[in-house]
Amino acid sequence: MADKPLRIAVVLSGCGVYDGAEIHEAVCTLLAISRAGAEAVCFAPDVPQAHVVNHLTGEEAAETRNVLAESARIARGKVADLATFDAAAVDALIFPGGFGAAKNLCDFAFKGADCTVNPDVEAAVRAMRDAGKPIGALCIAPAILATLFGAEGIELTIGSDAGTAAVLESLGAKHSVTGHGEIVTDRRLKVVTSPCYMLDASLAQIAEGAENTVRALIGLAR
């Protein structure tokens, strides 16, 4: 009998770089999981977005949207409320980036080092940590992990943005400067991060970063 494929939870934060999940990063992550022979299981918190941004003009729109409902656009409807997350049912977890990771999953975009994390996000991350299962984060999403595990000296990367790196280091994280497609693996905490669109990147470079992160997560999960 063939081994069951690994199941990787993908936590989305809406739909669209400025107020939700970065779509290229999310789709490249899902593609990398599929190509690796694993199964993606999508989750998102059932909460209002911090705000809505018109992606054509960059201006804030006078409307409200729900993170779970917006994430369903990327997941083709197959996305569960993060409140139902069960670490025992998956082998790894990954956060694509986009401003939604720093606005809807936590408030790093607004509060920096004083950031707090959405309770369902924190519960999922801590459950994975307690189970000794790997966690990945792309782009700005490592800020979530720095907020939760900075005191443990987590090793991570957001690329080469010195200002953002300094804030993460003020939380106790150990930041490494990285380029396109590169990853930082904290083997002690089983965390893998890659900069993706924190750098001026092409879609091919985003795909490379997502694929390298997913491969590393699978390696840690086995």
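Cys139 lies in the loop that links β7 (135–138) to α6 (142–149); helices (H or I, at least four residues) and strands (E, at least two) are DSSP runs, numbered from the N terminus. The model is a predicted one, in which local features need pLDDT of at least 70, side-chain atom pairs count only at pLDDT 80 or more, and totals for chains, interfaces and linings use all residues. Residues are numbered from 1 along each chain as its sequence is written, and side-chain values use heavy atoms, with hydrogens and water left out.

Although Cys139 is not a glycine, its phi is positive, at about 65°. Most residues other than glycine have a negative phi. Lys190, in the loop between β10 (184–186) and β11 (191–194), also is a residue other than glycine with a positive phi, near 55°. Accessibility is classed as buried under 20% relative accessible area, exposed over 50%, and partly exposed in between (1.4 Å probe, protein chains only). The table gives values for four residues.

| Residue | Relative accessible area | Class |
|---|---|---|
| Cys15 | 19% | buried |
| Cys28 | 11% | buried |
| Cys139 | 6% | buried |
| Lys190 | 27% | partly exposed |

The structure has zero disulfides, a disulfide being a pair of cysteine sulfur atoms within 2.5 Å. For Cys15, the closest cysteine sulfur is that of Cys42, and no bond forms because the separation of 12 Å is too far. Cys28 is likewise in no disulfide, its nearest cysteine sulfur being that of Cys196, 8.0 Å away.

The sheet is open and has seven strands, in the order β5-β2-β1-β6-β7-β11-β10, with mixed pairing; two strands pair if DSSP finds at least two bridges between them. At the edges are β5 (79–81) and β10, each of which pairs on one side only. From one strand to the next the twist averages 25°. Such angles run from 0 to 180 degrees between N-to-C directions, with axes taken as lines fitted to C-alpha atoms, for helices over the stretch in contact.

Three bridges join β10 and β11 in the antiparallel sense, and Asp186 stands opposite Val191 in β11. α6 packs on the sheet and touches β6 (92–95), β7 and β11 (contact: heavy atoms within 4.5 Å). The direction of α6 makes about 130° with that of β7.

α6 is largely enclosed by the rest of the structure, because seven of its eight residues are buried. The buried residues of α6 are Pro142, Ala143, Ile144, Leu145, Ala146, Leu148 and Phe149.
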